[in-house]
Every structure is written in structure tokens, then in C-alpha cells.
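Here is a short report on one protein chain. Have the sequence and the 3D view open while you read.

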Amino acid sequence: MKHTKTLKVRVRDKHAPLLRQMARSVNLVWNYLNELSSRAIRERGLFLSAYDMDRYTKGSSKEQGLHSQTLQEVSREYVTRRKQFGKARLNWRRSGGTRRSLGWIPFKSGAAQWKSGQICHNGHCFKVWDSHGLGRYRFRSGSFSEDARGRWYFNVVVEVDARPSLGQGALGIDLGLKDVATCSDGTRLENGRFYRDLEPALAAAQRAGNKARVRAIHARIANRRRDALHKFSRQLVSRYGEILVGDVSSTKLVKTRMAKSVLDAGWGQLKTMLEYKCGHAGIVFKVVDERYTTQACSNCGALPDSRPKGIAGLGMREWTCSVCGVTHDRDVNAARNILAAGHGRPAVGIPVL
């Protein structure tokens, strides 16, 4: 059994000028399609499809220094985003200035090949730090992309053999701020405050106007967070056959005073990692309704008067159920209720008759 996976490797810095030139051409094509689509909607009430747009860009690949399939991929991406955002005209892609768009060069399956230890695309060969053994795979669609520090990466979709997990049992996960994730078996991913020890250096760089240093520190923080989440998610996928996570929404909480802590926790990133890793391992992943999971007793299912309530109860890390007398760790209890809810038991428990 096979499944698709996206591999990402860094391109050598000596190729950056060429990639930036190609990215400027991509931006030019995008902006041309943006204006073309806007005029078609305004003047004729017609939404151009990707096929319609291909006719307007056909034959310009040599002039723009791009592969013909790159032009087609830009058209398809434009139409996809226009539908996604429901706008007649999207944002322009800027090639310069403080708000310039990060470089992006898409390609279709077959437009990039691995030859003699290099990535060959559009008549050019690019050396990369090959950390995945790319020569073993057949490339499908992908892109070259630039990060905020000006580093370029080669991203490609490949087919890999599925590795079924040998894990057994089910696990519930409660997402939080003190601990990024607390599991129903007591396992925790502590919030390492990935940025706290770097805050003085970040503040000094910001005051000095050293933008390159600021970007480097932010990248280091992101790498720390990503590494911790990857290791934690891989550990869980290897140990269990079913993983259930609460549906807490980070997009809503970032509008509150807790925004900094919510963004640092990386809930959305952890959910994404668990979802695709579970899919690759052939195990079950579910996002379940977590209402009342903090307040309900995971032992008897009741909502006792002694439970933590509202904002005032946020500081209550342990509590004892006044109905059955069991003492709970707040987060572990919530994780156990999430596990029960995923298996069909209501989060508010079974009513007392």
C-alpha cells in the first residue's frame, strides 16, 4: 500500500539569484491573470477558468524564462484561490519593497527530475542538501519556495510505502496552554515557551533595526516548536491505534489576551501532524466536541458542584468530585472525557436517575 508525502529539501544558496528571477516572472504572470480575471468579471460577467487563462499565457514561457507547465500551474492556483476567497480580484504579488511576496515557482508532474545528484528543471540544474534520498522517488507536482530569510527550498510530492503502526488502544488529548497537550494516559507535552529565552535577543535586534537577525530568531523559535511537535506526535502514533483530540479553536482564542500563548502552543500544527501521520500509519484520528470535558467527572460522568467553572476556575488544577469522591488532575480528566466522547459517551455524562 502506498500514500503520497511531500518532501522538502534546501536548495544551495548559489542558485538564489536565478530562482528569484524566475519568481519575479511568476509574479508577473500572476498579476496579469489577476487583472485579466478582474476585467472579464467586470466587463462581461464571466469567470475565466484555468483552461481559459492558459490560452492567454500560451507561448510566453520562453520569454518569461519559465517552464510551460509552470504557467499552467499558476493559472490553476489562481482559480483555486479565487474560489477559496470568493473575490473578483486577489492580492497582487509584489517582487520588491518591504511587503514583497516570498518567491514561489510551481511545476507539474514530470517537470522536475533527479539527475546526477541534482534537481533538473526548466533547463537548469540545482544542487540541494539531499536529506531524504531523492533519487529513490519518482517526482510528482511540487514547487520551489522561499522563506523569510531568503533561503530556497524544493518541495515535491512523492509516493512512499505505508508503514502501519503497531500501536494498540485509544488515546484522548486535551490541548492547553500550561501544557501544550495532555493525554488520557498522563503523558504531557510541556509548553517549553519556545520564545522566552530568546526574547531579550529578539527585543535587542528589533530596537537596532536588524531585520536579518529578527528573521533568524523567529526561524529558530519556529524550528524549536516544529521539532518538539514532530517528536511528540510521532511518539503517540507509534504507541496507539486511535487518537482523539478536542476541537478547541486557536483562531478564536488569538483574538483574546491569551493570543501570544495560544500562537506559541501551536495547536493547529500539532493537529495537522497527527492527522497526516495517523493517515500514513493507517490508524484512526478524530476531532471531537470537547464541551464540558473539563467540568464533567471522567469517573461517574456527573457535573458536580465542586467542578472548575468559568474564568474563575482556570487556576484550579486539581479538584475532587463531590458525587463519587475521585480526585482529578484537571487536564488528564478532560483528556479522558474527550476519549469517552470519541467513543460515543456524551461529555456531560449519564444523568442520574
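Start with arginine 234, which is partly exposed in this predicted model, at a relative accessible area of 40%. The label follows from the cut-offs: buried means under 20%, exposed means over 50%, and partly exposed is in between. Arginine 234 sits in helix α6, which covers residues 211-239. Arginine 234 also helps to form a positive surface patch. Its partners there are Lys5, Arg136 and Arg163. Patch members need over 30% relative accessible area and no salt bridge. The 40% of arginine 234 meets the area condition.

**Two strand residues**

Where does threonine 182 lie? Its place is strand β10, residues 179-183. Threonine 182 is buried, because its relative accessible area is 1% and the buried class takes values under 20%. Threonine 182 touches Gly172, Ile173 and Asp174, leaving aside residues up to four places away in sequence. On the same terms, Thr187 and Arg188 are also touched by threonine 182. Asp331, Val332 and Ala335 complete that contact list.

Now take glutamate 190. This residue belongs to strand β11, residues 188-190. Is glutamate 190 buried or exposed? Glutamate 190 is exposed, because its relative accessible area is 61% and the cut-off for exposed is over 50%. Glutamate 190 touches Asp179 and Val180, again not counting residues up to four places away in sequence. Alanine 228 is 38 residues from glutamate 190 along the chain, and their C-alpha atoms are separated by 9.6 Å.

The table sets the three residues side by side.

| Residue | Element | Relative accessible area | Class |
|---|---|---|---|
| Arginine 234 | helix α6 (residues 211-239) | 40% | partly exposed |
| Threonine 182 | strand β10 (residues 179-183) | 1% | buried |
| Glutamate 190 | strand β11 (residues 188-190) | 61% | exposed |

**The whole chain**

Step back to the full protein chain. Its secondary structure comes to 10 helices and 15 strands. The C-alpha trace spans about 75 × 55 × 45 Å along its principal axes. The chain has 353 residues, and buried residues make up 43% of them. What share of the contacts with a separation of 6 or more comes from residues 24 or more positions apart? That share is 68%.

The accessible surface comes to about 19400 Å². Carbon and sulfur atoms account for 50% of that surface. As for charge, the chain holds 62 positive and 30 negative charges. The mean positions of the two sets are 6 Å apart.

Note on methods:
Residues are numbered from 1 along each chain as its sequence is written. This is a predicted model: local features need pLDDT of at least 70, side-chain atom pairs count only at pLDDT 80 or more; totals for chains, interfaces and linings use all residues. Side-chain values use heavy atoms; hydrogens and water are left out. Patches are made of residues with over 30% relative accessible area and no salt bridge: like charges are joined within 9 Å, nonpolar side chains (Val, Leu, Ile, Met, Phe, Trp, Tyr) within 5 Å. Accessible areas come from the Shrake-Rupley method with a 1.4 Å probe; for residues, only the protein chains shown count as cover. A salt bridge is a side-chain nitrogen of Lys or Arg within 4 Å of a carboxyl oxygen of Asp or Glu. Lys and Arg count as positive and Asp and Glu as negative; His and the chain ends are not counted. The place of a charge is taken as NZ of Lys, CZ of Arg, CG of Asp or CD of Glu. Helices (H or I, at least four residues) and strands (E, at least two) are DSSP runs, numbered from the N terminus. Buried means under 20% relative accessible area, exposed over 50%, partly exposed in between (1.4 Å probe, protein chains only). Contact means heavy atoms within 4.5 Å.
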